[in-house]
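Here's a quick tour of the salt bridges in a protein you may be meeting for the first time. Have the sequence and the 3D view handy as you read.

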Amino acid sequence: MNHLKRWLVALFAVFAAVVTLNMQTVHADDSLAKIQQKGTIVMGTSPDYAPYEFLVNKHGKNQVVGMDVEVARKIAKDLGVKLVIKQMNFSSLLVALQSGKVDMVLAAMSPTNARRKSIDFSNTYYKSGQDIIINKTDAKIYKDHKSFANKKVGVQNGSLQETLAKTQMKSSTTLGLTKVTDLILALKTHKVAGVVAEGAVAQAYTSNDDSLVEIPGHFNLSSDTMGTAIGFAKGSDSLVAAANKSLAEIKQKKLIPQYLKTAGSYMKTNTEDTSMLHYWTYFLKGVEYTLLISAIGAFFGVLLGTIFALLRLSKHRLPHLIGVAYIEFVRGTPLMIQVMFVYFGIGIFIDIPALVAGLIAVSLNSAAYVAEIIRSGIDSIPVGQTEAARSLGLSERQTMTSVVLPQAIKNIWPALGNEFISLIKESSIVSIIGVTDLIYQLTVVQTATYKGVQPILVAMVLYFVLTFGLSKLLGHFERKMNHAA
């Protein structure tokens with residue numbers, strides 16, 4: 001075990017050294033030249049924040065629209081490059097910027113002093129206050145942020161609103177969630193008394209939902225918290241300067257009101273028909289991606305799981321240590337962390353698409369659990385059968401493939417089937433990096449319709465259909481194996 005610990009420590013030390021070396025190789029500011037050379041500029045955003053950024057269905061595809069997107073398009077046009085939009089959780093945006101997954105972040109982000117320590121910002125291009133969304137029935141109770149003493153308020157994780165609530169609403173408790181749609185649902189189900197939101201966002205939700213109203217927050221706002229700016233990686237001076245030039249033209253031509261009007265027209269389109277049937281294509285796409293991720297994860301999970309199970313069972317020390325190290329390490333870390341590491345960590349060296357990163361992480365995670373299931377199945381086969389097979393002239397490989405594994409699979413089939421069913425549900429974690437699985441599409445529909453519960457019910461039914469159908473299919477094969485025996 002000491003050898004294993006030393007091996008893991010050495011591995012992490014090498015990784016840290018490579019990352020440090022990679023960071024130190026960047027000397028001159030060539031940020032603008034790189035953008036112009038590759039011909040694209042990648043915008044990172046969390047499209048659940050209308051009217052800044054949200055999703056609409058255009059020509060059968062989900063597309064990110066909103067004021068921030070219009071600003072980004074203007075910058076891309078001025079630079080003579082193509083705009084590429086990557087979607088992810090708000091709390092992951094700074095990591096994506098620092099790891100090079102995106103070139104800039106437009107997500108109604110305020111250039112606070114705390115954020116300036118890790119990233120660079122453009123000039124502010126829009127200013128709006130901070131308000132609080134409440135249920136209409138509570139309009140006579142709450143007047144501003146001071147009214148929420150001993151109450152719970154909702155805030156988006158990693159946002160300015162979270163900081164304001166914790167520093168200026170100290171007598172209140174906070175509920176931090178990733179998506180604004182989840183916060184609105186928490187408000188409407190009375191899990192929180194109010195949701196702190198940027199003024200334009202509060203207006204967007206209250207104008208599209210008669211059960212909600214907004215009240216002024218009356219927060220004490222400093223100059224660095226009153227504006228919205230674009231985030232860039234540290235040292236991107238030339239790119240920031242180019243963006244500021246575009247922003248200056250936007251301000252001079254007074255384009256922001258026009259951008260907001262365009263966003264408003266998309267919001268109106270979204271709310272013309274908010275029935276779940278109208279959004280069936282969204283859910284269908286989510287099911288397709290969920291099945292794809294689960295199927296590929298199951299295939300490589302079994303393939304790699306078998307290999308690592310055999311490594312762990314090996315009588316040779318090195319293969320045994322490799323098998324043990326992999327299985328214990330993967331099972332000892334959350335799948336969410338693994339997904340983020342593959343996408344952001346490895347992304348420092350290789351630009352891995354979100355879907356591919358999700359597939360890799362899910363497959364590697366499943367392999368560790370499948371390995372233990374297969375190992376237990378192999379251990380369940382009496383040693384006498386192995387000895388009998390060897391005495392009949394079968395090689396070690398032939399004994400394993402023709403005698404041991406067929407019986408082991410029959411013994412572990414129920415446990416293996418349970419892992420496949422769990423995989424359908426656990427694969428939903430890939431939505432944090434913008435993979436459009438069922439959970440991601442659920443959020444899209446919530447954002448578009450301003451409805452919280454109905455999309456959840458639809459997703460719940462779809463997950464049940466998928467898992468119940470798979471359960472019946474696995475049961476059919478189990479009965480066939482029992483009948484053959």
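This is a predicted model, and the count of salt bridges in it comes to 17. Three of the pairs are listed here, with the distance between their closest N and O atoms.

| Acidic residue | Basic residue | N to O distance |
|---|---|---|
| Aspartate 30 | Lysine 34 | 4.0 Å |
| Glutamate 249 | Lysine 74 | 3.0 Å |
| Glutamate 328 | Arginine 312 | 3.3 Å |

Let's start with aspartate 30 and lysine 34. Aspartate 30 is partly exposed, at 33% relative accessibility, and lysine 34 is partly exposed too, with a relative accessible area of 47%.

Next up is the bridge between glutamate 249 and lysine 74. This pair ties together distant parts of the chain, 175 residues apart: glutamate 249 sits in helix α9 (residues 237–252) and lysine 74 in helix α3 (residues 67–79). Is lysine 74 buried or exposed? Its relative accessibility is 13%, so lysine 74 counts as buried, while glutamate 249, at 25%, is partly exposed.

Then there's glutamate 328 with arginine 312. Here helix α12 (residues 317–331), which holds glutamate 328, is linked to helix α11 (residues 280–313), home of arginine 312, and the two residues are 16 apart. Arginine 312 is buried at 18% relative accessibility, whereas glutamate 328 is partly exposed at 36%.

Which residues join these two in a network of salt bridges? Arg331, Glu372, Arg375 and Asp379 are linked with Arg312 and Glu328.

As for annotation, an unreviewed UniProt entry places "domain: ABC transmembrane type-1" at residues 287–474. That span is 81% helix and 0% strand, and its end C-alpha atoms lie 19 Å apart.

Technical notes: Residues are numbered from 1 along each chain as its sequence is written. This is a predicted model: local features need pLDDT of at least 70, side-chain atom pairs count only at pLDDT 80 or more; totals for chains, interfaces and linings use all residues. Side-chain values use heavy atoms; hydrogens and water are left out. UniProt positions are given in the numbering used here, feature names are shortened, and annotations may be inferred rather than shown by experiment. Helices (H or I, at least four residues) and strands (E, at least two) are DSSP runs, numbered from the N terminus. A salt bridge is a side-chain nitrogen of Lys or Arg within 4 Å of a carboxyl oxygen of Asp or Glu. Buried means under 20% relative accessible area, exposed over 50%, partly exposed in between (1.4 Å probe, protein chains only).
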